Each structure stands twice: as C-alpha cells, then as structure tokens.
Amino acid sequence: MKIIVSHALYVDVIYVTKEGDLKTLGINNYEKQLDHWLTPHPKKDPQTKEMFTFGSRREKPYCIYRKISEDGVMGPKVDITVDRPTYMHDLCITEHYVIFQELPYVYDPEVMQTSDHEWIFHFADGIWPRYGFLKRNATSEDKIRWFEFTNQSFFVFHNANAWEVDKDTIVLYCCIMESNTKKDGSKYIFPADFQRYDIALNFEISWPQLYKMTFDMKNNTAIKENISSNINGDFPKINEKYMGRKSKYIYISEVNRDNKIKSVVKYYLDRMKENRPYYKRFEFGTDIFAGEVVFVPKNDDKWATNEDDGYLIVFAHHEVIDKDDPKKIDSGISYVYVIDAKRMISVAKLQLPTRVPYGFHAIYVTEKELLDQKP
Ligand SMILES: [Fe+2]
C-alpha cells in the first residue's frame, strides 16, 4: 500500500501571550491575496525586513513568487515559468536578487502508481538543474535570467546563503544530493573516497553534502564544487543577520549511516583557500542524536561584532537500546544543548521532562519581535 500525504501550507498565525501561552488566531491569507501554498523556507532580509517567498504548485503556474513588505503586505503574484511541477523546497536571496531553483526531481504520481518507485518524485531524464535570478522588486518574470547545469542531475532541499561578490559574480552555498541513476538506468559508481553509502545508492539519490555554486552573470555560466570534505549533512544554518550578504560560517547537521544527526559541523568559508582545517565538529556523544540547530546571536538588537558570536540551540535524544531486541529503541532522555558557536563546545545541556521526537525544530525570535506581534 502506498499512502500519499499532502501537507497544506497556508499560513497559520499563532500569538504568544504575555504569560508565555500560545493562542491560535487563524489563517492569514494576506487580505485574500494568498490562494496557494508557500515554501516552508521564506527568506527575510535583515536590513530591509522584507520577506521573500514562493508557492510551488502541481498545476500551472508551477511557481509563483511573492514578496511581503516589512509591515506584512503581500505584493502581487509573479508567475515564474517552469515546464513541469518539480520539488521546489527553498529559495535564496542576495542584495538585489531572489534565486529560484528548478531541479529535475519531478512530481509524477503516475510513475509511483505504475512502477516499483516508492516516491512521488523522481529524477527525470534529459532535463537539467536550472537557477533563475530575478530582481527582488520585479513585478513580472520578463527579465529573469536562468543558469543551467547542463548534463548534471541533482537535488537540493536546503540552501545556506547566497550573496553578490561583485556586480558580475554571485555565490550560493547549499546541500546537494546528486542523482545516482544514469540515463540507461544503471547506477553511478562513486569513487571510494567519495563517501556514499548503500542506503543512498538504493534510494537513487546520494547523501547531501555542502557545495559552493558560482554564477558568472557576465558570461552566463554556472559551476559547482563540493566543499564538504566528505561530510554528509544538511539543514545548513547561518547567523541570519547575514542572510543575502557575505557570511563566513555555515553550520551543518551531520548524519550517520542511519540518517541520524550525530554532530554539528561548522565550516569556516574564509579558510577554504588556505592550507588549514576549515571545519570544526561538535559531537553529541555515543547514542545521542539531535535535530536541526537554531543559531541565536548573542546580541539581539545590534549587528553582532563577530558573525559567530552566538549559540547553536538544538534538541537531542539519548537513545536506550532494548537489550533483548537491538532493533527496538526505548524512549530515553531528551536534552536541549546550547553550543557556543564560536568555540563549538557545549556550554549547557538541559534535561527535559519528556521525550522530544526527532524532527522537532524551531525558530528563534527576539523579545522585541514577540512584543511587536499584532494580535
Ligand atoms: Fe526544509
């Protein structure tokens, strides 16, 4: 039996009361402007306070760009032409652009119904990843510029950051999963030093690793390079005060063979060209696995002096294996870890009264943002 679950993505509004309780206010449809789903990963410009998002749909138009002003007004729909419904999960912003990713991981229920394929998306043959650059204030897609990674096939859930190096060069950091399937259906054999595991090979997609993309706006070319140092991981995080601007650090959740998060890895982007280690790892310890980290800057109101002045906060679970049934994991102890992002060491580990499930994650809002909520 195959079960297809659809997750509605309209915007639910929750109010945090002075007492710390939560009150559901209902659905925000932006004065009836919003009639489609939105990505779970909108991007907020820390300087202009504008928010950038899009809707990914199964019917035409398959992608709709939306901009939301600082005071919460949603701008007009901007249809982005893509030829088919694909898995569009995230986007990027720079100072002047919003960046869309059209990847060859296509929505195709027919393949799922008529074959052994277990997933409603699959890598399509003969179409290549494309990245579209649109000016943030555009009200139509007329001047969008697309960059193609010809003869490649990959998928991206999450982007870390992007910025304009100069007027002709834009860089984008993201976690890429390469397609493992050749056109003739056979599997790619990855070099032994390119860390890939059986489970990934069986799932037609590799484990995610950190990549740097460089877009040459003058010559219309795009390249990508694997900068992961063979670390498998996703859920990239930055200090969001640097969203869309040059940032020096990316924090990745590293996964093990069972796809559980065993550590957080900090990449020092500025050190990559130098001959010295450019990442530092914080490990949760034996049988302790975590979720997605949140970066919390030390200073809410001012631009932090140093980008990594802050903490990584994350929920983790200390698994207890049933001695009689090693496949069974009893509910163990859950913790909140507070990790000093500069030194990558734990400064607090708080035991929680109840188990927190894997996948649970959160955002950080400042006290001012809480006080500024509109009931
Ligand atoms: Fe996501």
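P61 sits in the loop between β4 (51-56) and β5 (63-68). In this predicted model, the peptide bond leading from K60 into P61 is cis, with omega near -15°. That is worth a second look, because most peptide bonds are trans, just as most residues other than glycine have a negative phi. Two residues go against the phi habit. E31, which is not a glycine, has a positive phi of about 55°, and N230, also a residue other than glycine, has a phi near 65°. E31 belongs to the loop between β2 and β3, while N230 belongs to the loop between β16 (221-226) and β17 (233-237). E31 has 9 other C-beta atoms within 10 Å, so E31 is exposed. N230 has 11 other C-beta atoms within 10 Å, and therefore N230 is exposed too.

Stepping back to the whole chain, the secondary structure adds up to three helices and 25 strands. Of the 375 residues in the chain, 32% are buried. Contacts between residues at least 6 apart in sequence can also be sorted by how far along the chain they reach: 49% of them join residues at least 24 apart.

What about the inside? In soluble globular proteins, nonpolar side chains tend to be buried together. Here the largest nonpolar core holds 70 residues, and I99, I250, L312 and A316 have the most contacts inside it. The strand that gives the most to this core is β14 (residues 169-178), with seven residues. For a feel of the surroundings of one core residue, take I99: once neighbours within four places in sequence are set aside, I99 is in contact with L91, C92, Y131, G132, F133, A162 and L172.

Now for the strands and their partners. Strands of a sheet pair through backbone hydrogen bonds, either parallel or antiparallel. Strand β13 (residues 154-166) and β14 run antiparallel and are joined by nine bridges. These two strands make a hairpin, with two residues between them. One of the bridges links F154 to its partner E178 in β14. D166 is also part of strand β13, and D166 counts as exposed because it has 8 C-beta neighbours inside 10 Å. D166 and D216 are 50 residues apart in sequence, and their C-alpha atoms are 10.0 Å apart in space.

Another piece of the fold is an open sheet of four strands, in the order β7-β8-β11-β12, with antiparallel pairing. Its edge strands are β7 (92-93) and β12 (145-148), each of which pairs on one side only. β7 and strand β8 (residues 97-102) pair in the antiparallel sense over two bridges. Within this pairing, C92 stands opposite I99 in β8. I99 thus turns up in two places in this account: among the residues with the most contacts inside the core, and across from C92 in the sheet.

Next come the annotated histidines. In the UniProt record, an unreviewed entry, the annotation "binding site" covers H41, H89, H158 and H361. H41 lies in the loop between β2 (22-28) and β3 (43-44). Leaving out residues up to four places away in sequence, H41 touches H89, D90 and L91. H89, one of those contacts, carries the "binding site" annotation as well. H361 lies in the loop between β25 (345-351) and α3 (367-371). Beyond its neighbours within four places in sequence, H361 is in contact with G291 and E292. Are these two histidines buried, partly exposed or exposed? H41 has 14 other C-beta atoms within 10 Å, so H41 is partly exposed. H361 is also partly exposed, because it has 14 C-beta neighbours inside 10 Å.

Finally, a word on confidence. The chain averages a pLDDT of 86, and 87% of the residues score at least 70. Two stretches call for some caution. Over residues 1-7, pLDDT stays under 50, and the model has two contacts beyond four places in sequence for this stretch. Over residues 187-202, pLDDT again stays under 50, with 18 contacts beyond four places in sequence. Where pLDDT is low, the predicted coordinates should not be read in detail.

Conventions
Residues are numbered from 1 along each chain as its sequence is written. This is a predicted model: local features need pLDDT of at least 70, side-chain atom pairs count only at pLDDT 80 or more; totals for chains, interfaces and linings use all residues. A residue is buried if 20 or more other C-beta atoms lie within 10 Å of its own, exposed if 12 or fewer, and partly exposed in between; C-beta atoms are placed from the backbone. Two residues are in contact if their C-beta atoms, placed from the backbone, lie within 7 Å. A nonpolar core is a set of buried Ala, Val, Leu, Ile, Met, Phe, Trp, Tyr and Cys residues joined through C-beta atoms within 7 Å. UniProt positions are given in the numbering used here, feature names are shortened, and annotations may be inferred rather than shown by experiment. Two strands pair if DSSP finds at least two bridges between them. pLDDT is the predictor's confidence in each residue, from 0 to 100.
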